[in-house]
Structure formats: structure tokens, C-alpha cells
Amino acid sequence: MTPNLPLVILVGIMVAAGVTLVLERSLTRILIGFVLIGNGVSVLYLVISGPAGTAPIVGLSDDPMSDPLPQAMVLTAIVITLGVTSFGLALAYRAWQLTGHDDVQDDVEDDAIRRRAEKDETSVTFDEADAALPDEEGSDRPRRIAPRDGTP
Amino acid sequence: MNQIVLLPVILPLLGAGLCLVFGRSAFAQRIISIAILALVVTVAAVLLVRADRFGPQTVNVGGWPADIGISLVADRLSALMLLVSTVVTLCVLLYSFGQGIVEFGRDAPLSVFHPTFLVLSAGVSNAFLSADLFNLFVGFEILLVSSYVLITLGGTGARVRSGTIYIVVSMISSVVFLVAIACVYAATGTVNLAALAGRIEELPSGVSNLLQLLLLTTFCIKAAVFPLSAWLPDSYPTAPAPVTAVFAGLLTKVGIYAIIRTQTLLFPDNDLRTLLLWAAVLTMVVGILGAVAQSDIKRILSFTLVSHIGYMLFGVAIGSTMGLSGAIFYIAHHITVQTTLFLVAGLVEYRSSTTNLDKLGGLARAAPVLAVMFFVPAMNLAGIPPFSGFLGKLTLVEAGVDDHRWLSYVAVAAAIVTSLLTLYAIAKVWNRAFWRPAETGHEAGDDLGHDSHGGSMHGRSGVSTKTERTSTWKAVDDDQQRLPLGMVVPTLMLVACSVALTVVAGPLLAFTTRAAEELQGRSAYVTAVLGGGG
């Protein structure tokens with residue numbers, strides 16, 4: 001099977017753009033990135049189904065027909081992507097309702113450590129000798145302002 | 001008779017629909033859910049016996065031939081996984097009834113919870129029974145989408161936060177799976193596992209390694225194998241106790257099952273065993289070091305979950321009959337034990353409103369039943385003889401020593417160290433939460449948001465904040481009434497199941513050895529799928 005080069009390049013561009021967006025912090029951008037990757041992969045299924053032919057119904061014509069199996073698969077994949085995306089949008093909306101932004105937040109433990117640092121507390125296992133070392137990068141990062149009242 | 005293979009997938013979906021129809025009646029929802037899951041347990045038991053006696057049970061959905069349509073197969077491995085997972089699901093469902101009744105009263109319907117829980121069960125069954133890569137993907141998606149709903153149940157801030165990470169990671173792994181399926185189809189022209197068994201061997205080794213890596217990446221994300229495991233300890237602890245328990249028991253094991261299935265059936269002689277062994281070693285060691293550093297019961301349990309995935313991967317990576325048999329045995333053991341421990345953590349949270357070890361204490365005296373329910377599965381997890389955890393680890397270690405490669409010896413050493421560190425982490429929980437005397441007051445200012453806001457079903461604070469109790473015997477009587485029977489009995493059932501696994505360990509190990517031989521033989525599976533008609 002010879003793959004269709006323009007389609008392959010299209011898949012590459014869509015997935016690359018999608019990956020860039022997924023690496024963002026905001027859930028909405030992550031979702032747009034996910035949709036791009038998902039659509040890129042759907043196009044990939046067009047690549048693997050080989051050259052286009054007639055409709056895959058036996059007895060319709062003697063010309064070579066398209067491979068119906070990847071089309072069945074890609075339809076399923078599209079439906080699943082749609083469902084997951086709508087769930088993700090609802091989640092992003094809920095996050096925005098609760099916190100006023102939809103950024104993916106940090107790990108609870110990381111948060112606890114940062115709060116300890118801001119309060120200038122040390123943990124039980126902290127070694128005084130390490131205190132002379134310079135701060136970890138990121139501790140001087142500006143604090144995010146997050147209104148918590150939930151009103152849009 | 002083979003048609004019953006369909007039931008574990010169809011029945012829960014039917015039940016989910018019925019639960020939605022009877023959404024206003026809590027009683028009807030409970031009856032439907034229990035009846036459906038009890039029926040599925042029976043079907044799974046029948047399948048297990050039939051798969052053991054007569055070989056793999058196959059059905060071609062809709063009567064299409066296997067390499068075009070979708071086949072469901074229950075061989076020994078699938079049937080065992082199905083039985084263990086449905087028994088655990090049923091117990092967790094009963095536990096959630098207890099919790100729901102306690103928090104919302106007898107008549108409050110959990111309109112979303114029951115249907116979603118049943119759909120999750122259908123997805124897990126579909127993944128275990130599928131003989132088709134794409135149907136496996138669909139099974140994964142069914143269980144993942146219902147797990148998205150369950151992990152964000154109630155939509156509180158903490159759950160949205162942890163759910164976001166879980167959902168984004170799962171979505172990406174699903175896309176990788178789709179790419180893997182596309183590549184497999186492009187290379188071989190089929191996605192049927194049995195047909196692939198022959199065709200992948202004819203491929204150039206570079207192509208087959210690429211396919212294997214793609215599939216392994218997908219399944220390793222789902223199974224939380226070390227470099228891809230960071231999402232799990234962060235996202236599991238905030239969900240309601242029954243949800244965390246069923247996730248911990250089932251979802252990662254579906255990933256491990258998929259690894260075992262593809263490794264044995266598609267890539268029997270592969271070049272990536274060394275890589276898998278390294279992943280197993282790192283998963284075990286890094287996971288357990290995480291558990292040692294934590295001070296919250298649920299987070300400790302999440303890290304031991306990651307760590308013990310390494311044991312199963314170790315058995316698969318060794319690839320001998322004994323290694324596979326040990327891995328399958330270990331999955332059955334670990335599903336029961338880990339679920340039980342998360343349910344007990346839920347009970348601890350219910351009783352003390354926290355699972356933070358810094359705030360707990362005196363539980364052994366105040367709630368002896370709870371202490372026993374924690375102690376037995378905890379020792380089982382740590383691998384103390386004569387429990388099934390010890391037997392599983394022993395089998396894996398023997399398999400590793402028999403492998404006679406230096407890396408296997410490293411893995412054996414890692415397995416033993418991990419086992420000891422598990423005991424240490426568990427002993428820390430025991431000493432601080434159960435053994436030490438209860439303190440009457442706590443230092444203020446230590447409240448750094450460790451509370452996991454997790455226990456109640458809908459994220460509301462269903463448990464009223466209880467005042468600290470002194471550990472007098474009078475208080476004990478008081479507390480025994482406070483632990484609701486509806487939550488204690490299902491937990492005790494699971495504790496009994498995990499002990500029962502120890503009692504039947506001999507026959508079970510013989511069974512898993514037969515399952516491992518069947519996996520390595522491959523021909524039984526292939527002829528059952530491609531030769532058998534629906």
C-alpha cells in the first residue's frame with residue numbers, strides 16, 4: 001500500500017499543532033488541542049484505508065471499492081471524541097465557575113510545599129544545613145489571583 | 001450456550017438504562033443494580049468453569065465472521081479477571097448503598113451514580129472479553145468515560161482539580177491507542193487479535209517493535225507503570241471512597257490485562273523484555289518510595305497501588321509460564337486487597353472525618369472491628385506469610401531466579417525491597433492511626449490543606465465534623481453504633497474474599513498456571529476465535 005503523502009503531512013501538522021496546544025495551561029486550549037489531535041488521527045484512518053474507490057457495496061460495480069473497515073472505526077472514534085470533548089467543555093465551565101479560571105492546577109502536595117515556603121515554615125524532615133542553599137526556581141513566581149466566590 | 005459470553009457486557013448496559021428509567025426511586029435502582037451485578041457474577045463463574053473445562057468460549061457478535069466482525073472470547077485469563085472484577089464491583093456497590101443511605105437517607109436516589117457505575121462495569125467486562133483491538137479500545141472508552149463522571153461526582157473544587165488531570169491524561173492515552181490501532185491495521189490489514197497473532201510475526205522486526213511500543217505506551221499509561229504513573233496518586237484520593245476503591249481495583253488491572261494479552265498473543269518473542277523489566281523495577285521502587293513519604297492514608301494506598309503494578313509487570317516481563325502464572329495470581333490477589341484497603345480508608349474517613357495520619361490516632365482501641373479490617377488486608381498487601389500476597393510474591397521471585405539473567409536478579413532484589421518498604425509504609429499507618437493513643441487536642445497551624453475533601457458521595461460534607469473522643473470504653477460502645485452496618489458488612493465480605501484467596505491459593509495457582517500455559521500455547525485462543533462460529 002502506498003500512503004497518500006498530502007494526507008500524511010496534514011496529519012503531521014494537525015497533531016503537531018494539537019500537541020502544542022495540549023501543553024498549555026488552560027483547559028480550553030487543551031481541549032482545542034485534543035480536538036485537533038483527534039481529527040488528525042481521524043485523517044490518519046483515511047491514510048490507512050488506502051486509495052479511494054467506489055462505495056463498498058457488493059455488486060454495485062466492478063471497480064475496486066474502498067476499504068469499509070477503517071471508515072467504521074473512524075466513525076466510532078469521531079463519536080467518542082465528540083462525547084469526551086463535550087464532557088471536557090462542561091468540566092472547563094465548572095472549573096471556571098468555581099475558581100474564575102480554567103487552568104489545570106498544581107498537585108496538592110506541591111501546593112502544600114509552596115504554602116509552607118510562603119509561610120516560611122519547615123517540614124519535620126527539613127535539614128538546617130540546606131537552608132543556606134539558594135531558593136528553588138519558581139518560588140519567586142507571581143501568585144495567581146483566583147477569585148473564589150463562584151459568581152461569573 | 002456460548003452466547004452467555006455476551007451477557008457480562010449487555011446486562012450492565014441494560015441495567016444502566018433501567019436505572020435511568022427508575023431514576024426517581026432509590027429502592028428500584030438498588031434492586032436493579034444488585035440483581036444485574038449478581039447475575040453477572042454468576043455468568044462469570046459459569047464462564048470460568050466452562051473456559052477451564054472446554055477451552056476458550058467464543059461468540060461472534062451479530063454472526064459476522066471473526067476477522068470482519070467483533071468477537072468476544074472468554075479464555076481462562078479473561079474469565080478469571082471477569083469473575084474477580086465483578087465480585088469486587090458487587091461488594092463496592094453494596095458499600096456505596098451503605099454510604100448513600102447514611103449520607104442522604106434511605107430514599108434519596110443517586111440518579112447519576114448507579115447507571116454510571118453499571119456502565120463502568122460493562123466497559124471493564126468488554127475490555128476483558130474483547131478479541132479485537134478496536135473493541136478493546138471501545139471497552140476502554142466506555143470505562144474511561146464513566147470513570148470521568150464518577151471521579152468528578154458532585155463537581156466540587158477538589159474533584160474538578162484532580163479530575164482534570166485524570167481526564168486529560170486518559171484522553172491523550174486514548175489518542176495514542178487510536179494511532180496504535182491505525183498502525184496495526186496499516187501493517188497487517190486486521191485488528192482481530194487472533195488473526196494478528198500470525199501476521200505480526202511476518203512483519204520486519206522494526207515495524208513490529210514500533211507497534212509493540214505504541215501499544216505498550218498506551219497500556220502503561222492506563223496501568224500506571226512508572227514513567228507514566230504520575231497522574232494516579234494525584235487524582236485517585238479525592239474521589240468518593242467507593243469510586244476510588246473500584247478504580248484502584250479495576251482500572252489499572254485492565255491495563256495490565258491488556259499488556260499480558262498483547263505481549264503473549266502478539267509479541268511472544270520480543271526484544272523489549274529488558275525494557276519491560278526495567279519499567280517493572282522502577283515502578284516498584286519509585287512507587288513505594290512515594291508511599292513512604294506520604295502522610296495521608298489514601299495517598300499512601302495510591303502509591304502502593306502504583307508500586308505493586310510493578311510486580312505484575314515483572315511477571316509479564318519474565319515471560320516464563322511461572323512468571324505469567326504469578327502475575328495473573330497477583331492481579332487476582334491485588335484487585336481484592338487494594339479495593340478492600342480503599343474501602344477501609346473510606347470507613348476511617350467516615351469515622352474520623354480525615355485520613356491524615358497527623359490527625360488520626362487511637363483507632364485500634366476506639367474501633368477494634370475497623371482495626372481488624374485494616375490489619376488483615378494490610379498484612380496481605382505487605383506479603384506476610386501465609387497470606388496470598390506472600391504466595392504471589394514468592395511465585396514471582398522464584399520465576400525471576402529461574403530466569404538466570406542479571407537483570408532478573410536485580411528485579412528480584414527490587415521486589416523484596418519493595419515488599420519490605422510496603423510493610424514499613426503500612427506499619428506507619430498502623431502505628432499512627434490505630435496503635436498510638438488518641439490525642440485530645442491537635443496543634444493548630446498544622447492545617448495545610450491535607451484534608452482530601454473526598455469521602456462523601458456528592459462532595460458535600462455529609463459527615464458532620466465530630467469532636468475528638470477520648471478512648472474510654474464508654475466511647476467505644478458509642479463508636480460501634482456510629483460505623484454503619486451497610487458499609488462494614490461489604491468491607492468484611494471483601495476481607496473474607498481476600499482471606500479466601502489464601503485458602504484456595506493451591507487450586508488457584510494451578511489454575512493460573514493452566515491459564516499461563518494457554519496464553520503461551522496461543523493455538524487454543526487462535527482456533528477458538530478463527531475456527532469457531534457464533
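In chain B of this predicted model, the axes of helix α12 (residues 297-318) and helix α13 (residues 321-352) come within 9 Å and cross at roughly 175°. Helices here are DSSP runs of H or I with at least four residues, numbered from the N terminus, and axes are lines fitted to C-alpha atoms over the stretch in contact, with angles running from 0 to 180 degrees between N-to-C directions. Local features need pLDDT of at least 70 and side-chain atom pairs count only at pLDDT 80 or more, while totals for chains, interfaces and linings use all residues. Residues are numbered from 1 along each chain as its sequence is written, chains are lettered from A in the order in which they are written, and side-chain values use heavy atoms, with hydrogens and water left out.

**Helix packing**

- The crossing makes α12(B) roughly antiparallel to α13(B), a label for angles over 145 degrees, just as angles under 35 degrees count as roughly parallel.
- Among the residues that make this contact (heavy atoms within 4.5 Å) are L301(B), L305(B) and H308(B) of α12(B) and A327(B), Y330(B) and H334(B) of α13(B).
- The residues of this contact divide into 14 nonpolar, seven polar and two charged, where Ala, Val, Leu, Ile, Met, Phe, Trp, Tyr, Cys and Pro count as nonpolar, Asp, Glu, Lys and Arg as charged, and the others, Gly among them, as polar.
- Between the chains, helix α3 (residues 68-99) of chain A packs with helix α5 (residues 133-151) of chain B at an angle of about 10°, with the axes 11 Å apart, which means that α3(A) is roughly parallel to α5(B).
- Residues including I80(A), V84(A) and F87(A) in α3(A) meet residues including F134(B), F137(B) and E141(B) in α5(B), and by class this contact has 11 nonpolar, one polar and one charged residues.

**Nonpolar core**

- The largest nonpolar core (buried Ala, Val, Leu, Ile, Met, Phe, Trp, Tyr and Cys residues joined through side-chain atoms within 4.5 Å) has 212 residues, of which Y45(A), L133(B), F314(B) and L370(B) touch the most other members.
- Helix α13(B) gives the largest share of this core, 17 residues.
- Leaving aside neighbours within four places in sequence, L133(B) is in contact with residues that include F177(B), I181(B) and L215(B).

**Cysteines**

- The structure holds zero disulfides (pairs of cysteine sulfur atoms within 2.5 Å) over all chains.
- The sulfur of C19(B) is too far for a bond, because the closest cysteine sulfur, in C91(B), is 18 Å away.
- At 0% relative accessibility, C19(B) counts as buried, whereas C183(B) is partly exposed at 24%; buried means under 20% relative accessible area, exposed over 50% and partly exposed in between, with a 1.4 Å probe and protein chains only.

Technical notes. Helix = DSSP H or I, 4+ residues; strand = E, 2+ residues; numbered from the N terminus. Parallel < 35°, antiparallel > 145°, perpendicular 65-115°, else oblique.
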